[in-house]
Amino acid sequence: MLGTACLLGLGSAILYTTSFSLTPVNALRNGVGRLPALGYNTWNAYGCNIDEDLVLEAAQLMVSLGLQTAGYEYVNIDDCYAEKNRSENGDIVANSVRFSRGMNNLTDQIHALGFKTGIYSDSGWFTCGGYPGSFQNELRDARTFQDWGFDYLKFDNCAIPFDDVIREGMIGKFTRMADALAHLSKKSGKPPFLFSLCQWGWEQVWLWGSTLGHSWRVTGDISPNWDSLTLIINFNSFITQATDFHGHNDMDMLQLGNGGLTFDEAKSHFTAWALMKSPLLIGTNLSAITPEILEILTNTEILAINQDPVVGKSISPFRWGVNPDWTSNSSFPAQYYSGPSENGTVFMLLNTLNETSDMFFNLTESPWIRAGREYSVRDLWTHTENGTAIRNFTATNVPPHGVVALLLKDTGDEPEGIFPPCAVPSCSFENGTIFA
């Protein structure tokens, strides 16, 4: 920032000017971002080919297609909205042709539709598209984004300064903007930005991301193909414990509707992202969306798990299936997952094979299931009650790369006289005799 000296300390960046200092804060519980963000982002569908009319049309379609009613609340602009150079005063300037009516005009219209809205910047010298980044301009840019009317900031990781310039690691680089946003909120009295760290999973971000922002990317960029999905699912399956209220592993923006995925793969994509409590940002041309993709995106039973107000935890694997447990396999990730929810235990069965499969599990393989109880079974895709599960469950004819999502609710003790007397491999009589 012009006229600003930067003192970079371990795990914190404090910008000093003649009038104020930025106090490092923990952004984890600052009043926003308790649940995963639901919304729309321009990048996957359009890349740099965006303008104000396209963004406004996306917001209007979010309303008319029922996506807003389903719970999606953000309309976000990604890279390439700016001029290539800052103003004489050092500010980021919106592109004078593609955003000729100004950002305030656009954000006012989006807010009038009932949405919040997001903007993009970068922690380095430039954005990934070659536009001005925010390094050494963190507070200046945060003020600009607030003055423009934005509520959400995606912060990328391109054009990293040389070590002898930044003298910081990844934590310090992203702390600079986290502190700027916190200072701005405190000084202005306005709500904090939802802060989305897009640093591609570098430097074990799942260990520290929640101290700075509300979500953090765990891998590189997603592509609209099955191999990309399984790579991300596999990686995230080992770090699910990092996700809870106010902080979420970000598995990247959705690719539904962009080609390259079968219908069953699209369902698996959405189910895994939603039940693992990733932010869900739609990234397709909504004017050309098919009824099938829209039906997936508006599955309110799946969305209800993602937005659970009582339980913030992700589902996690309890059995890997095709591989020995705890095997990392980017082509064939874990197949059996479960997790708690407000209304019961959630299960996801992911058929990673290239052929139709039956998928069987014992209920007590999940840590969230009680032994000696029976459970009602709700299918979250067919929206049907599928009887009662006692001891085990089998999903039949799961299609290649398909998914089953279930909600099991405790309905009482299992019937008397079931043999064997225990679901685990061995158990004991009161006198200590082992039943095996």
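The exercises below, each with a worked solution, concern a predicted model.

**Exercise 1.** Work out which cysteines are joined by disulfides, and where the partners of each pair lie.

*Solution.* Begin with the total, for the structure holds three disulfides, and when the bonded cysteines are numbered in sequence order the pairing reads 1-2, 3-4, 5-6.

Take next the bond from Cys-48 to Cys-80, with an S to S distance of 1.8 Å. Cys-48 sits in the loop between helix H1 and helix H2, Cys-80 in the loop between strand E4 and helix H4, and the two are 32 residues apart. Cys-48 is partly exposed at a relative accessible area of 30%, whereas Cys-80 is buried at 0%.

Then turn to Cys-128 and Cys-158, whose sulfurs are 2.0 Å apart. The torsion about this S-S bond is about 95°, so the disulfide is right-handed. Because Cys-128 lies in the loop between E5 and H5 and Cys-158 in the loop between E6 and H6, the bond ties together parts that are 30 residues apart in sequence.

Finish with Cys-422 and Cys-427, joined at 1.9 Å; here the torsion is about -75°, so this disulfide is left-handed.

**Exercise 2.** Explain why Cys-198 is not bonded to Cys-128.

*Solution.* A disulfide requires sulfur atoms within 2.5 Å. The closest cysteine sulfur to that of Cys-198 belongs to Cys-128 and is 6.9 Å away, which is too far for a bond. As for their surroundings, Cys-198 is buried at 2% relative accessibility, while Cys-128 is partly exposed at 41%.

**Exercise 3.** Describe the setting of Pro-161, beginning with whether this residue is buried or exposed.

*Solution.* First locate Pro-161 in the loop between strand E6 and helix H6. Its relative accessible area is 3%, and therefore the residue is buried. Leaving out residues up to four places away in sequence, Pro-161 touches Gly-124, Trp-125, Phe-135 and Ile-166.

**Exercise 4.** Identify the residues that touch the most other members of the largest nonpolar core, and follow the contacts of Leu-297.

*Solution.* The core has 92 residues, and those touching the most other members are Tyr-72, Ile-77, Tyr-81, Met-103, Phe-270, Trp-273 and Leu-297. Beyond its neighbours within four places in sequence, Leu-297 is in contact with residues including Leu-67, Tyr-72, Leu-254 and Phe-270. A second, separate core of 17 residues includes Tyr-336, Leu-363, Ala-389 and Leu-406.

**Exercise 5.** Assign the residues of strand E14 to its two faces and find the bridge partner of Met-359.

*Solution.* In a regular strand, side chains alternate between the two faces of the sheet. In E14 the covered face carries Ser-357, Met-359 and Phe-361, and the uncovered face Asp-358, Phe-360 and Asn-362. E14 pairs with strand E17 in the antiparallel sense over five bridges, and within E17 the bridge partner of Met-359 is Ala-395.

How values were computed:
Residues numbered from 1 in each chain as written. Predicted model: local features only at pLDDT ≥ 70, side-chain atom pairs only at ≥ 80, totals over all residues. Heavy atoms only, no water. Buried < 20%, exposed > 50% of the residue type's maximum accessible area, 1.4 Å probe, protein only. Helix = DSSP H or I, 4+ residues; strand = E, 2+ residues; numbered from the N terminus. Pairing = 2+ DSSP bridges. Core = buried A, V, L, I, M, F, W, Y, C linked by side-chain atoms within 4.5 Å. Contact = heavy atoms within 4.5 Å.
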